[in-house]
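Colleague: Mind if I quiz you on the labels you've put on this model? I'd like to see the cut-offs behind them.

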Amino acid sequence: MAVLGLAGCHRAEPPLPPADPHYVVGAPYQMDGVWQYPREDFGYRQTGLAVADPDQTPYVTTDGEHYDPQSLTGRHATLQLPAIVTVRNLENGRELTIRLNDRGPEARGRLIGLTPRVAALLGIGANPVQVEIIGHEAENEQLAEALPGGQHLDVAAAPVDQIRAESLDRPGTGGTIVAAPTGTVGAADVSALMRDLPPDVRQGYVQGGMLWVDAGTFSTLRYAQVAAARTGGRVIPVQDRGRAAWRVHVGPFMNVAGADRALDQLLGDGMTGARIVVE
């Protein structure tokens, strides 16, 4: 936003530093009083509530991109960045593939923050959504392997072939032929993944469901039963990374306000892993 100076002139905001896209997971951090624990998850699928970005002021995102309210991007508290995900509005069935590139949203109890353009395309206000990497595992692994700061796989024994490499800063302007191990990711591939995704809204299925507060997942049934008795919730048997586990759900709630109140109460009672889900 421009600022009016004493002489009646407008002083422009200082320019943003150059974009520097890189791969990041990051250390645990606190946001709105809740500790978040970032980690890689290439098979991620969760439900929760989405929210549109309230502030469109330009800034540099967590993974080094320039924020653009018209881009098909979003914010997530814990997933690796950047990450390519499909977001489905469970109330109208619309779904869209976007790139996560920032931490957030700041409001507790919200699974994902969306740019105004993404929110408009999906018809999002504070809607139940499903967010999943499933179906985009290969692209996300490519980003993790090839972006600065990402994983570096041991490919010393792989055969060498030729690929075309392009600059990340100026995609599509040509490139040079370089030697690289066959089957590895070239800069051209990463450049394509980091370009703006097409606004390809697909009509998926409408999925009913109620709002619940997930109070946590426990590896021992007895501890889950204690948590359920403490919170007034129910115990649900689940599989957690291939192992038997028990999840405690509180609810259901007829509206977002009720789920938010229950979430605040559980967080205040020390259930730091509580979150809103849709089932």
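Modeller: Sure, let's start with helix H5, residues 256-268: 13 residues, reaching 18 Å from the first C-alpha to the last. Bear in mind that this is a predicted model, where local features need pLDDT of at least 70 and side-chain atom pairs count only at pLDDT 80 or more, while totals for chains, interfaces and linings use all residues. Residues are numbered from 1 along each chain as its sequence is written, and side-chain values use heavy atoms, with hydrogens and water left out.

Colleague: What makes the span of H5 close to the expected one?

Modeller: The expected span is 1.5 Å times one less than the number of residues. For the 13 residues of H5 that comes to 18 Å, and the helix reaches 18 Å. Helices here are DSSP runs of H or I with at least four residues, strands are runs of E with at least two, and both are numbered from the N terminus.

Colleague: Why is Gln-70 called partly exposed?

Modeller: Buried means under 20% relative accessible area and exposed means over 50%, with partly exposed in between (1.4 Å probe, protein chains only). Gln-70 has 47% relative accessibility, so it counts as partly exposed. You'll find Gln-70 in the loop between strand S5 (45-52) and strand S6 (73-75).

Colleague: How do you know that Arg-45 and Glu-132 meet in a salt bridge?

Modeller: A salt bridge needs a side-chain nitrogen of Lys or Arg within 4 Å of a carboxyl oxygen of Asp or Glu. Here the N to O distance is 2.8 Å, so the pair qualifies. Arg-45 sits in strand S5 and Glu-132 in strand S10, 87 residues apart.

Colleague: Are those two partners buried or partly exposed?

Modeller: One of each: Arg-45 is partly exposed at 46%, whereas Glu-132 is buried at 8%.

Colleague: And what makes Asp-200 and Arg-202 a salt bridge?

Modeller: Their side chains come to 3.7 Å, N to O, so they pass the salt-bridge cut-off. Asp-200 and Arg-202 also belong to one network with Arg-88 and Glu-95, joined by salt bridges that share partners.

Colleague: Last one: what makes a set of residues a nonpolar core?

Modeller: The members are buried Ala, Val, Leu, Ile, Met, Phe, Trp, Tyr and Cys residues, joined through side-chain atoms within 4.5 Å. The largest such core has 23 residues, and Val-85, Ile-98 and Val-131 are among those with the most contacts inside it. A second, separate core has 21 residues, including Leu-263, which is also one of the buried residues of H5.
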